[in-house]
Amino acid sequence: MNSNNSSSSSKKGSSTLLIPLVKGTVSAGFPSPAEDYIELGIDLNKYLIKSPISTFFLRVSGNSMNNAGIYNNDLLIIDRSIKPHPGHIVVALLDGEFTLKRLIKEKDNYYLKADKENYPAINLYEYLDIHIWGVAIYSIHGLQK
Amino acid sequence: MSKAIIQIDGNNFYASCEKMIDPSLKGKGLVILSNNDGCIIARSSEARKMGIPMGQPYFKLKNKLKQLNISVRSSNYELYGDISNRLMQLLRKNCEELEIYSIDEAFGTIKRPKDKCLYQWGNSLRALVYQNIGIPISIGIGETKVLSKISNHLAKKIQRNSGIFDIGIVKDKDYYLQQIKVNKVWGIGKRMTKWLKDKGITNAREFRDMSSKQIKERYGVVGLRIQNELKGKTCIAIKEITSDRKEICVSKSFSYPIDSLEELRQAVSKYVLIASSRLRKYNQLSSAITVFIATNIHSRNFYKSEETEKLNIATSDSRVILEKSLVLTKKIFRPYKKFTKAGVILHKLQSNQYKQKLLFNKGESQEELHIERLDNLIDNINKKYRRDTLGWGSSIIEKDWGARREKLSNLKATSIESIPTVYAN
């Protein structure tokens, strides 16, 4: 420990406790054998987000994508840098709302479809106004209510 | 291979940010109001086409906006700042140098293969920005900063060019420069425009070709530089580091007039904290503080006052700056005046690295270091939670005199409570 930083004032009889400013550990007793192996911990941002510039979060409302593992109130991570491909779950701009659908391709036609039975597919050629806003990469689902 | 200067800006930037995050605004007219919902400071292209003017007071146009079904938003600087950050990071990756000029504007440089038009390069950058961030940009390319600015005007003006123009490959620029009014040339202000007009000079071509002696006599090197840049000679360099600013100003209008010293002190304290945290962010120190206050400029007894104090040692310590500022506030305060605006300016900024120590301030450095740590801690907490989570005593806010933002969309990508909803119905 660097004593200059910690106890210079005690010589003058002051009772002020100064906090050491140097980085390093105080060795009292045996040094921890794990000291050299300590890592910074898991950073979920790093793990989940490849492109921070193009990543946005959205809150899910509704259950039409339950079969895809996305539930009401989940936190959805969108990466706009990904080009939408068939099979991707995408956020589409439809009737002034963000809508969550799966992009599918059948016989050269592209459709947006909910992952639930009896939900009509939207043919992208019929709705020229549809705009795909981004591709969903993760959904964070809380397990405790 | 030569160097090309590019100038990039976001089209209707504030409006584009709002549209990017709020799907209900798609295809609709939109205007953004200034702080306090005072004036219209930005319009979407639809609102512009419907003839909504810039800078007009909101209350005057309220009915018209309603009739035209134009949406209105208070300025959401959290959102614009976030989108701006993303934009600048993306641009930095795609340019050799980058100078961030304002929230929605940047200059950059790229290599130009001999005489090759950079339209393709611009086109893919534009597509990349739209795909990643969802906002449209315009790109002007030229030999100098002034020419790249002009190129950007042309990019917006010439529809078929879809937001890109490269004046750098045009050998005879007369045709294009003639289309640019002299007041649109970067660096030429109102006064110079009038002076030029009196001499019969109205467009950029005429300015480029006028006698440089005349310009030098009246406007010195500064004026000459603009002319030379127009001729394609580089005079204004790209400044990559934006942190070597000479001053920081934090100033705001209140949502209602303040006439008590106590409330004024709260306001000034808050601005000091914002300004000094900015100082620390860029590792700078300030050695002079100005506080200014003003009543409504349109009121009959318009009153405005400011006071400056120099510091012996440059500092970024909130406590020191706060203490001085509050003394200054008391000095310039006048009872019975209804103040509508206050501000704090920190000047004579210098880098933290060359911190000057007074000869006789023994023993203080230890305490100084602790204060620095404390300030940084407060900054980090405020960054993590909300700007006002921690502050110093005098800045504690009882009344909400902060700016009025009644039409705030409250959508942003930077706080979990404010993210948009996606429907899976």
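This note goes through the interface of chains A and B, then selected features of chain B, in a predicted model.

1. **Extent of the interface.** On the chain B side, 28 residues are in contact with 36 residues of chain A. The two chains bury about 2900 Å² between them. Carbon and sulfur atoms account for 59% of that area. Within chain B, the residues that lose the most area to chain A are Gln131(B), Val422(B) and Ala424(B). Together they make up 22% of what that side buries.

2. **Polar character of the interface.** The rule finds zero salt bridges between chain B and chain A. Polar contacts do cross the interface: 17 residue pairs, with both partners at pLDDT 80 or more. Five elements of chain B each give two or more residues to the side that touches chain A. They are α1 (13-21), α4 (77-94), α5 (119-133), α13 (364-384) and β14 (421-423). Of these, α4(B) gives the most, with five residues. By class, this side of chain B has 15 nonpolar, nine polar and four charged residues.

3. **Strand pairing between chains.** β14(B) also pairs with a strand of the other chain. Its partner is β1 of chain A, residues 55-61. The two strands run parallel and are joined by three bridges. One bridge partnership is Ser61(A) with Tyr423(B).

4. **Salt bridges overall.** How many salt bridges does the structure hold over all chains? The count is 22. Side chains of opposite charge can pair when their charged atoms come close. Three pairs and one network in chain B are taken up in the next points.

5. **Lys3(B) and Glu97(B).** These two form a salt bridge, with the closest N and O atoms 3.5 Å apart. The pair links distant parts of the chain, 94 residues apart. Lys3(B) sits in strand β1 (residues 2-10) of chain B, and Glu97(B) in strand β5 (residues 97-102) of chain B. Glu97(B) has a relative accessible area of 22%, so the residue counts as partly exposed.

6. **Lys412(B) and Glu78(B).** Here the N to O distance is 4.0 Å. The salt bridge joins the loop between α13 and β14 of chain B, which holds Lys412(B), to helix α4 of chain B, which holds Glu78(B). The two residues are 334 apart in sequence. Which of the two is buried, and which partly exposed? Lys412(B) is buried, at 14% relative accessible area. Glu78(B) is partly exposed, at 33%. Helix α4(B) is also the element that gives the most residues to the side of chain B that touches chain A.

7. **Lys173(B) and Glu143(B).** The closest N and O atoms of this salt bridge are 2.8 Å apart. Lys173(B) lies in the loop between β8 (164-166) and α7 (174-177) of chain B, and Glu143(B) in the loop between β7 (137-142) and α6 (145-157) of chain B, so the pair ties together parts that are 30 residues apart in sequence. Lys173(B) is buried, with a relative accessible area of 10%. Glu143(B) is partly exposed, at 27%.

8. **A salt-bridge network.** Salt bridges link Asp174(B), Arg205(B), Arg208(B) and Asp209(B) in a network.

9. **Lys156(B).** This residue is found in helix α6 of chain B. Lys156(B) is partly exposed, with 40% relative accessibility. The side chain of Lys156(B) makes a polar contact with the side chain of Asn152(B), at 2.7 Å. Beyond neighbours within four places in sequence, Lys156(B) is in contact with Asp9(B), Asn11(B) and Ser138(B). Ile321(B) lies 45 Å from Lys156(B), C-alpha to C-alpha, and 165 residues away in sequence.

10. **Strand β2 of chain B.** This strand spans residues 30-33 and is covered on both faces. Leu30(B) and Ile32(B) are buried on one side, Val31(B) and Leu33(B) on the other. β2(B) pairs in the parallel sense with β4 (residues 71-74) of chain B, over four bridges. In that pairing, Leu33(B) has Ser74(B) as bridge partner.

11. **The β2-β3 hairpin.** β2(B) also pairs with β3 (residues 40-43) of chain B, in the antiparallel sense and over three bridges. Ile32(B) stands opposite Ala42(B). The two strands form a hairpin with six residues between them. In the turn, Asn36(B) has a positive phi of about 70°.

Notes: Residues numbered from 1 in each chain as written. Chains lettered and ligands numbered in written order. Heavy atoms only, no water. Contact = heavy atoms within 4.5 Å. Buried area = accessible area lost by both parts, 1.4 Å probe. Salt bridge = Lys/Arg side-chain N within 4 Å of Asp/Glu carboxyl O. Polar contact = N/O pair within 3.5 Å; in protein donor to acceptor, adjacent residues only side chain to side chain. Nonpolar A, V, L, I, M, F, W, Y, C, P; charged D, E, K, R; others polar. Pairing = 2+ DSSP bridges. Buried < 20%, exposed > 50% of the residue type's maximum accessible area, 1.4 Å probe, protein only.
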